[in-house]
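I opened the notebook to work through one structure, contact by contact. The entries follow the order in which I looked things up.

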Amino acid sequence: MSAARVRLLGHPVGHSLSPVMQNAAFEAAGLAVRYEPCDVAPQDLPAAVAALRAEGVWGANVTVPHKEAMLGLVDDLEPDARTLGAVNTVVRAGAELRGANTDAVGFAASLREAGVQVTGRRVLLLGAGGAGRAVAWALLRQDVRELRVWNRTRARAEALVAALDDPRAGVAEAARVGDAALVVNTTSVGMARGGRDPDASPLEGAWPARAGVAVDAVYRPRATRFLRDAAAAGWRPVDGLGMLLHQGAASFEAWTGRGAPRAAMRAALEAGLAAEGNPA
Ligand code: ATR
């Protein structure tokens, strides 16, 4: 019998670490499943989705630029895909395709794993794109005291805050730490690939000396300028590997109905990044 398949639909897909992580997961779980990157141009997405209905395809991950378009191409949406307005995971159940989003649960799991306590904290969130939306929802589901959202394009921060519709959430006037004890970067500033300046930080001004936590969704490089500056001021740095790992683990669990082999997945990500010259 040929191996079952899970696909990654994106454009481009070449730099994704998901194949390395998910193929390691299937192997560790003893499942004969192949995770295949598929570069799909936007006009070919409907055909690629139709092909997911084929026998032996368990589902897919969805990445840039297809996460929003996928909302209208699946048969049903899980609550988080609806809330976040984006699908990152497709699960085939019989003839049906269900659209899910594992970014918010993945972020929450990464904080739990790192032992980060959010209760009663004031949070500054940088970025109101797809990752920012997922982080915002994940934090408000926990009992943070306050969530201030800053975005370069202010209208996007305003739209996110309006959608959150929570008295704890508001727009931040500047990318300044202020009285926050948890600062999360979801902008692409500081990214080695795709970012304009890999040695830049999205933050304005200095980090106050405080025992807070700084979380970066960026994982290329692991030690971003944002995290290095935070650590130098006494903040605890948490890099983006955890968010990548745990959204992938949640997707694996949705496809297989089994617990994800997180240690094997983490080891594969670490090895993949180290092979690119981006060690921890
Ligand atoms: P993702 O899904 O990864 O969040 P995205 O939706 O493209 O990706 O969002 C990228 C984020 O990085 C946005 O918050 C973007 O700000 P804008 O909404 O103003 O575009 C932010 N970003 C990208 N380049 C930036 C820069 N040079 N300075 C500040 N923010 C930047």
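**Entry 1: ligand contacts**

How far is an oxygen atom of the ligand from a polar backbone atom of A128? I read off 3.5 Å for this pair. I note here that the model is predicted.

I then went to G130. Its polar backbone atom lies 3.1 Å from an oxygen atom of the ligand. I checked T153 next, where the contact is made by a polar side-chain atom, 2.5 Å from a ligand oxygen. I also looked up how much of the ligand is covered. On its own the ligand has 650 Å² of accessible area, and the protein covers 68% of that.

**Entry 2: the shell around the ligand**

I listed the neighbours. The shell holds 13 residues, and the closest are A131, N151, R152, T153 and R156. T153 thus appears twice in my notes: among the closest residues and as a side-chain polar contact.

I sorted the shell by class. I got 8 polar residues, 3 nonpolar ones and 2 charged ones.

**Entry 3: R154**

I looked up R154 and found it in helix α6, which spans residues 154-164. Is R154 partly exposed or buried? Its relative accessibility is 36%, so it counts as partly exposed.

I also took a distance from R154 to R222. The two are 68 residues apart along the chain, and their C-alpha atoms are separated by 28 Å.

**Entry 4: salt bridges**

I searched the whole structure and got 23 salt bridges. I looked at several of them one by one.

I started with R34 and E36. Their side chains meet at 2.9 Å, N to O. I checked the exposure of both partners. R34 is partly exposed, at 43% relative accessible area. E36 has 18%. The cut-off for buried is under 20%, so E36 counts as buried.

I moved on to R98 and D76. This salt bridge also reads 2.9 Å, N to O. The pair links distant parts of the chain: R98 sits in strand β6 (residues 96-100) and D76 in strand β4 (residues 76-77), 22 residues apart. I noted that R98 is partly exposed at 23% relative accessibility. D76 is partly exposed too, at 28%.

I then took D179 and R122. Their side chains form a salt bridge at 3.6 Å, N to O. How many residues apart are D179 and R122? I found 57: D179 is in the loop between β9 (169-171) and β10, while R122 is in strand β7 (residues 122-126). R122 is partly exposed, with a relative accessible area of 24%.

I also traced shared partners. E113, R222, D239, R266 and E270 are joined into one network by salt bridges. R222, my far point in the distance check from R154, is one of the members of this network.

**Entry 5: aromatic pairs**

I counted ring pairs with centres within 6.5 Å. By this rule I got 5 aromatic pairs. I picked out W207 and W235. Their geometry is edge-to-face, with 4.9 Å centre to centre and 65 degrees between the planes.

What does this pair tie together? W207 lies in the loop between β10 (182-185) and β11 (213-216), and W235 in the loop between α7 (225-232) and β12 (236-238), so the pair ties together parts that are 28 residues apart in sequence. I checked exposure as well: W207 and W235 are both buried.

I noted one aromatic cluster. Its members are F26, Y35, F252 and W255.

**Entry 6: backbone geometry**

I went through the backbone last. Where did I find cis peptide bonds? One runs from H11 to P12, with omega near 5 degrees. P12 is in the loop between β1 (4-10) and α1 (18-28). Another joins R220 and P221, with omega about 0 degrees. P221 is in the loop between β11 and α7.

I stopped at D165. Its phi is positive, about 50 degrees, although D165 is not a glycine. The residue lies in the loop between α6 and β9. Is D165 exposed or buried? I found a relative accessible area of 69%, so D165 is exposed.

Definitions and conventions:
Residues are numbered from 1 along each chain as its sequence is written. This is a predicted model: local features need pLDDT of at least 70, side-chain atom pairs count only at pLDDT 80 or more; totals for chains, interfaces and linings use all residues. Side-chain values use heavy atoms; hydrogens and water are left out. Rings of Phe, Tyr and Trp (its six-membered ring) pair if their centres lie within 6.5 Å; planes under 30 degrees apart count as stacked, over 60 as edge-to-face and the rest as tilted. Helices (H or I, at least four residues) and strands (E, at least two) are DSSP runs, numbered from the N terminus. Buried means under 20% relative accessible area, exposed over 50%, partly exposed in between (1.4 Å probe, protein chains only). A residue is near a molecule or strand if one of its heavy atoms lies within 4 Å of it. A polar contact is a pair of N or O atoms within 3.5 Å; within protein, one must be able to donate a hydrogen and the other to accept it, and residues adjacent in sequence count only if both atoms are side-chain atoms. Accessible areas come from the Shrake-Rupley method with a 1.4 Å probe; for residues, only the protein chains shown count as cover. Ala, Val, Leu, Ile, Met, Phe, Trp, Tyr, Cys and Pro count as nonpolar, Asp, Glu, Lys and Arg as charged, and the others, Gly among them, as polar. A salt bridge is a side-chain nitrogen of Lys or Arg within 4 Å of a carboxyl oxygen of Asp or Glu.
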